[in-house]
Amino acid sequence: MNYLIGLLSIVFFILAISVIAKSMKLNKNLAQGEDESTAVDSSNDTNAYGMLIFWLLGTVAGVWSFLKCLPDFLPEAASNHGLSTDKMFWTSMAVVTLAFFVTNTLLLFFAFQYRYKKDRKATFYPVNHKLELIWTVIPAIVMAILVFTGWRTWRDITSQAPSDAVVIEITGHQFGWYVRYAGNDDNQLGHYNYKMIDETNSIGIDYTDKNSFDDFTATELHLPKGKPVLLKIHAQDVLHSVYLPYHRVKMDAVPGMPTKFWFTPNVSTDEMRAKLNNKDFNFKLNCTEICGRGHFGMAITVFVDEPADYKKWCAEQKPFLAMNPSYLEKVPANLKAKASKYIPAEPIATDSTATAAAL
Amino acid sequence: MSTATTHAEEVHAHAHDHEHEHHEPNFIQKYIFSEDHKTIAKQYLIMGILWAFVGGSLSIIFRLQLGFPEMQLEWLRPILGEWIDESGKLDKEFYLALVTMHGTIMVFFVLTAGLSGTFSNFLIPLQIGARDMASGFINMLSFWFFFLSSAVMFSSLFLETGPASGGWVIYPPLSALPQAMPGSGLGMTLWLTSMALFIVSSLMGGINYICTIINLRTRGMTFTKMPLTIWSFFFTAILGLLSFPVLLSAALLLIFDRSFGTSFYLSEIYIQGQALPNMGGSPILYQHLFWFLGHPEVYIVLLPALGMTSEIIATNARKPIFGYRAMIGSMMGITLLAFIVWAHHMFVTGMNPFLGSVFMFLTLIIAVPSAVKAFNYITTLWKGNLIFTPAMLFSIGLVSLFISGGVTGIILGNSALDINLHDTYFVVAHFHLVMGSASFFGLMAGVYHWFPKMFGRMMNKTLGYIHFWATFVGVYCVFFPMHYTGIAGFPRRYYSFTALGNGRMEAFTDLNAFISIAAILTFSAQAIFFFNFFYSIFKGKKASQNPWNSTTLEWTTPVEVGHGNWPGEIPAVYRWPYDYSKPGAESDFIPQNVPYSATPESNLPEENEEIANEKAIESLLAAQNESYNR
């Protein structure tokens, strides 16, 4: 209610200003007849000074607000490629901020400087090819440099993942992420098939593929520090987008079209906590493609572990098949023997929702 | 065609006694189903203004949620009803619907129809010296298709399941599957119907603009003597004509997927406990088709604004536009490049990275003609004698916003940098400045400048100044800080930023509240315009024939422009439209219809040679009249 009153008072305040301004104008008109031959009126100089004041206040506000927000920007990237894109971002930002500042300054200063004066005539200056050539070529050169550096970085980022990369599968769904690891034995993800999805096997792991047997799932994303990680991404229902803000990773998850992104995390969660002096800090995986009601909350926590810790964590994880032995019956006869290795001697209870189900 | 010529014929026949027009159209013919380009332009403008207030108020509602996440919105229940949930908060799905409809309305209904529809219709015949559009009837149909499309879109706001909610880009599968969100049900059906009608309207308009510009220019009006406004409308119409049909096909395939069980965009979908049978479709196909229109659309919105402000800045700087041919060249460059940069919206969709490299290269080329335009604007101000009419102020504002929003395009167009910035507030800030606000400022500049020609009255200048400064400051306050949240990695279309964790939402609480307050104030300031506009239509000071001392042909028509535009013969054109402050000339402007032979004191050497052509231009009169009588 307070806001409503606030809003209304603002509206009335503006209306009041306009009424006052209008009556002032009327008074002025009564006092002095305006020159009818031009559209110039008594406010011309006021508007010209307005340009100057706008420039001044704008510059102060721009610099101040930037410095104020600087500490709250994303911290230094936590991945190898992120460091280079961050550097490129701030370099490009410097270039465009300079261009932004110089051109806006010229615009506003010229507007002020060349405000109407009765005894001056504008200069008839329709064209200057040399000048035009200069300001076509300079942006072109700057662009060429930016394109070239950008292209090289892009090429490196999107190159083939190293063959020893840790393969992790991320599946987006309304509204959460399933994570599947390639397993401790073969570092190969098994196939999935959306028609095999059921209440327990929520990713649709295909047990006719022997690579699936040792795959395990998790509700968090664990990554080894300093090792290349290949994310294999897809979605089950609508578009989603994997966004790891601190790692500068983003790639859409598309139903029916697997996508991928590889990168090397280079700061562990613990290091980041120490660096930011925040013991509760956690890396995140968010969704950045509109996917419905729960879009904004579709996040999981990401842990970057030291390689040894990562190994240890992986070793503790049980393959999905081991948690859910009933899926053994989906395995074709010729692979049954191989799959049975993963079934514990005394089957544990088949309740695996804790690992496999949605968040 | 026949109807238009009949009217032209009448006008011509009655050229000498137009005071006694016998075929005075009745009220319906004159104001509703009018074939007069000026009336149609006003219809577009008023629809555009009404839509702008609808679209703007939607954004204010979602800004309340973003700026004040804890706020009780119970007081909105009388308007929004069940969209305010039990806890007094905005419904999460309705938030997405608001975002979607705000985008759709602003991009298509305000800045395409309201801007290009208004001024292409109004200015093309008046500035090239034509009695009306090539086809008045198709022109009328164009408006009424737009009206129908508006009615359908507006009605979708009142559905129980809500209007379309998948973002203005309506990416499938979200938009294709009603089970994915309620807005993808009837709301999306209406959205698609409305857009199909809108495309029909815009195609009919575009064909008309192109035909008129090519065929109906008055004698002597060669392409290189056309005002930049006309050039910009010409390029805009070409862009629309070639790209809107692609959106129509995208929409049609989506309609098939939604209603007839096809799989153009759908594949391997498991939703709500059910595996769908669709196989082999590609959501990426839709994105290619959509952005094939979507990107040119940016320029469809922006080019008319750039063209009109070129005209306004030259007039009020009392100086020729600097680099007339470079301005045409850069607009042509932008038009061509606009078709081949669309996939820069798709760098992280899983598209082949090599394709990404190609599109990054093409995208950054487009910065060059844009930079040329900005520099030419600034040089036009240099050593001018600037008169700050409200139109001039808005034009200068446009240049500033065009630069400020444009420079960040260089960053977003770089695919490596786009990885982190894609779908964050950095993008929101970028396109709201360069496309949204800049085009909006162009629209406002156009309204203030041509209002006297439209309604025969002047708008109040002081209210115009207040409107300008409130909007200019306001727009920067709203969109400039969004770059900061963008750099901080805030994704767009988020109902709330709680899931970002690590105190990031809290760090920007004040900033988000500031943006919302600035947005509310800026939006409220538009009430000044609303009042000024409608008040001045009826009560404004009577305008003189050429209040801005401008050179173009529209100012040679009478104050109250009648049907057929010129009561007598259409004037001939002898010179380019930017003879302001010409050395030697008595007056500081020489209209386009003044022959060089009448101004020996100010002619440049090559212009003296053109005097020889004047006879030839004049001799075209009979042929020109003939074309209207055919």
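Select strand E1 of chain A, residues 166–173. Most of this strand is covered: 6 of its 8 residues are buried. Keep in mind that you are looking at a predicted model.

Now add the strands beside it. First, select E2 of chain A, residues 176–181. E1(A) and E2(A) run antiparallel and share 6 bridges. How many residues make up the hairpin that joins E1(A) to E2(A)? Just 2 residues link the strands there. For one bridge in this pair, pick Gly172(A) and Trp177(A); Trp177(A), in E2(A), is the bridge partner of Gly172(A).

Next, select E5 of chain A, residues 229–235. Is its pairing with E1(A) parallel or antiparallel? The pairing is parallel, over 7 bridges. Show Ile170(A) and look across to E5(A): Ile233(A) stands opposite. As you follow the side chains, remember a general rule: in a regular strand they alternate between the two faces of the sheet.

Stay with Ile170(A) and Ile233(A), and add Val242(A). Both isoleucines are in contact with Val242(A). Neighbours within four places in sequence are left aside here. Other contacts of Val242(A) include Leu231(A), Val249(A), Met251(A) and Leu285(A). Lys250(A) and Ala253(A) are on the list too.

Val242(A) leads to a wider view. It belongs to the largest nonpolar core, which has 294 residues. Which residues have the most contacts inside this core? They are Val242(A) and Ala438(B). Select Ala438(B) to move into chain B. Then select helix H5 of chain B, residues 92–128. This helix gives the core its largest share, 22 residues. The core also draws at least three residues from each of domain 1 (35–539) and domain 2 (574–629) of chain B.

Colour those two domains of chain B separately. Their centres, taken over C-alpha atoms, are 39 Å apart. Where they touch, domain 1 supplies 12 residues and domain 2 supplies 15 residues. On the domain 1 side, the residues divide into 5 nonpolar, 2 polar and 5 charged.

Last stop: show both chains and look at where they meet. Chain B brings 114 residues to the contact, and chain A brings 102 residues. What classes of residue are on the side of chain B that touches chain A? There are 74 nonpolar, 29 polar and 11 charged residues. Colour them by class and turn the model to look over that side of chain B.

How values were computed
Residues are numbered from 1 along each chain as its sequence is written. Chains are lettered from A and ligands numbered from 1 in the order in which they are written. This is a predicted model: local features need pLDDT of at least 70, side-chain atom pairs count only at pLDDT 80 or more; totals for chains, interfaces and linings use all residues. A nonpolar core is a set of buried Ala, Val, Leu, Ile, Met, Phe, Trp, Tyr and Cys residues joined through C-beta atoms within 7 Å. A residue is buried if 20 or more other C-beta atoms lie within 10 Å of its own, exposed if 12 or fewer, and partly exposed in between; C-beta atoms are placed from the backbone. Helices (H or I, at least four residues) and strands (E, at least two) are DSSP runs, numbered from the N terminus. Domain bounds come from an automatic or database domain assignment. Two residues are in contact if their C-beta atoms, placed from the backbone, lie within 7 Å. Ala, Val, Leu, Ile, Met, Phe, Trp, Tyr, Cys and Pro count as nonpolar, Asp, Glu, Lys and Arg as charged, and the others, Gly among them, as polar. Two strands pair if DSSP finds at least two bridges between them.
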